Amino acid sequence: MTASAAPVADPHLRFAPPAEHPRDIVILGSTGSIGTQAVDVVLRNPDRFRVTALSAAGGRVGLLAEQAHLLRVTTVGVADPTRVAELRAALRERYGAAEPLPEILAGPDAATQVAGLPCHTVLNGITGSIGLAPTIAALSAGSVLALANKESLIVGGPLVTALAAPGQIVPVDSEHSALFQALLGGVRREVSRLVVTASGGPFRGRTRAQLAEVTPEEALAHPTWSMGPVITINSATLVNKGLEVIEAHLLYAIPFERIEVVVHPQSYVHSMVEFTDGSTLAQAGPPDMRGPIALGIGWPERVPGAAPSCDWTRAHTWEFFPLDTDAFPAVPLACHVGSLGGVAPAVYNAANEECVAAFLTGGLPFTGIVDTVARVVSEQGDDAAGTSLTVADVLEAETRARHRARELTGTAGTAGAVSGGASGAVRKG
Ligand SMILES: NC(=O)C1=CN([C@@H]2O[C@H](COP(=O)(O)OP(=O)(O)OC[C@H]3O[C@@H](n4cnc5c(N)ncnc54)[C@H](OP(=O)(O)O)[C@@H]3O)[C@@H](O)[C@H]2O)C=CC1
Ligand SMILES: CC(=O)[C@@H](O)[C@H](O)COP(=O)(O)O
Ligand SMILES: [Mn+2]
């Protein structure tokens with residue numbers, strides 16, 4: 001895959017005009033881990049941010065209604081149309097009888113419609129490749145895209161990078177926010193390597209044989225971050241780090257050979273940029289996503305007190321280890337699909353989303369996740385690899401990969417992925 005010559009995330013460029021306060025923000029996935037932390041950042045900074053619209057799948061309508069009321073939004077989107085009556089009742093309870101309710105958009109395209117509303121910045125905090133259409137809508141509307149939903153960039157690949165103007169995407173993923181900040185230390189031709197840190201997940205140090213019997217409960221116990229279930233399992237398999245290497249390649253137009261992963265169990269150093277003169281710039285802070293979220297929606301300004309800073313009065317140690325790719329082959333597999341390009345990253349991601357669902361429901365052993373993804377990639381990853389990509393290509397590749405993953409895991413006919421994927425509609429299962 002050749003990344004576009006101009007990086008879509010570039011801290012030296014300002015896509016939007018100088019910030020006006022308060023800045024209008026749209027939050028997609030507002031009821032999730034990223035979304036609730038974003039709401040927290042906004043509520044603590046009412047002079048800087050005004051949220052105009054929210055969207056969610058529909059699993060937590062009480063929370064969604066509470067957020068809508070607290071933020072006084074004009075529009076609420078919900079992907080599952082069967083939850084509208086409950087949402088309206090929850091809104092009415094909070095707004096009282098007299099006050100008009102926000103407009104409700106419902107159905108599989110609700111998030112995409114919300115993403116296309118006029119605003120300064122759209123924060124995409126949806127989980128899974130179902131975030132692709134909203135990402136495209138936000139970019140097409142000319143908004144800044146504060147991107148947590150890495151899957152949309154990865155499955156869309158050159159489609160998304162071609163649509164984004166240089167500087168239009170501001171990363172929210174902690175590693176990519178760190179790279180973004182460290183890249184300010186030099187110009188692109190002076191960058192020699194991107195070094196992406198990985199916590200190593202709850203099973204760091206185990207051999208492949210020791211991974212065979214681990215349970216969903218153990219895999220959901222991330223050592224340093226509290227996140228939604230899909231990314232938490234992805235951190236345990238290191239698929240998250242594989243996705244993040246592709247994400248770094250697409251955001252910063254750096255070839256895979258110059259992107260490295262290093263295991264750093266404390267999750268204080270969020271990533272590093274090495275420059276041609278041998279100097280390395282690292283970005284650090286205690287693991288707290290409110291920092292990258294605030295930077296993503298506030299860029300180019302920093303939000304004072306957004307997240308705690310390091311406590312240098314206390315002795316502590318930061319360790320770094322090489323990645324064990326025998327126990328955790330997801331990262332080299334991701335580099336392989338990233339280099340193939342075309343739909344190969346979409347196949348990797350779609351198969352993984354299905355396998356994570358199968359693992360969480362007890363239908364697949366932990367090591368079966370990446371084994372199955374590798375099998376689906378070997379069968380389907382070369383299809384349309386490296387060719388120009390359309391949304392239809394991505395959706396078709398995803399459907400085939402999901403189908404094959406379900407066949408291989410024996411979950412065909414079940415509810416499937418936690419998020420329905422780029423071609424799906426709403427949260428299932
Ligand atoms: N959590 C974290 O710290 C980090 C997350 N990320 C990335 O951010 C994204 C979100 O992760 P996270 O917050 O952990 O996930 P969660 O599972 O906690 O939240 C997902 C959110 O997406 C919503 N959603 C799901 N499907 C749809 C849909 N079809 N339309 C609209 N909304 C939908 C959910 O709604 P509902 O509540 O109704 O189900 C929920 O609000 C992922 O891409 C993840 O990889 C990246 C770095 C860190
Ligand atoms: C907070 C964040 O950005 C996550 O993507 C985090 O990086 C997950 O931790 P791992 O390093 O274990 O994947
Ligand atoms: Mn991350």
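Ligand 2 lies between domain 1 (23-176) and domain 2 (186-285 + 313-409), because both of them give residues to the shell around it. Keep in mind that this is a predicted model.

So who's in that shell? Asp173, Ser174, Glu175, Ala198, Ser199, Gly201, Trp225, Ile231, Ser235, Asn240, Lys241 and Met289 surround ligand 2. Sorted by class, that shell comes out as four nonpolar, five polar and three charged residues. Three helices, α8 (174-183), α11 (229-237) and α12 (239-252), supply at least two shell residues each.

Now for the two domains themselves. Their centres, taken over C-alpha atoms, are 25 Å apart. The contact draws 22 residues from domain 1 and 26 residues from domain 2. On the domain 1 side, α6 (150-156), α7 (158-163), β7 (169-171) and α8 each chip in two or more residues, and α6 has the largest share with six residues.

Here's how the residue classes split up:

| Set of residues | Nonpolar | Polar | Charged |
|---|---|---|---|
| Shell around ligand 2 | four residues | five residues | three residues |
| Side of domain 1 that touches domain 2 | eight residues | 10 residues | four residues |

Zooming out, the protein chain has 17 helices and 12 strands. Its radius of gyration is 20 Å, close to the 22 Å that the globule rule gives for 429 residues, so the chain is as compact as a globular protein of that length. The C-alpha trace spans about 60 × 55 × 45 Å along its principal axes, and 53% of the residues count as buried. As for contacts between residues at least 6 apart in sequence, 73% join residues at least 24 apart.

Notes
Residues numbered from 1 in each chain as written. Chains lettered and ligands numbered in written order. Predicted model: local features only at pLDDT ≥ 70, side-chain atom pairs only at ≥ 80, totals over all residues. Helix = DSSP H or I, 4+ residues; strand = E, 2+ residues; numbered from the N terminus. Rg over C-alpha atoms; globule rule 2.2 N^0.38 Å. Buried ≥ 20, exposed ≤ 12 C-beta atoms within 10 Å, placed from the backbone. Contact = placed C-beta atoms within 7 Å. Near = placed C-beta within 6 Å. Nonpolar A, V, L, I, M, F, W, Y, C, P; charged D, E, K, R; others polar. Domains from an automatic or database assignment.
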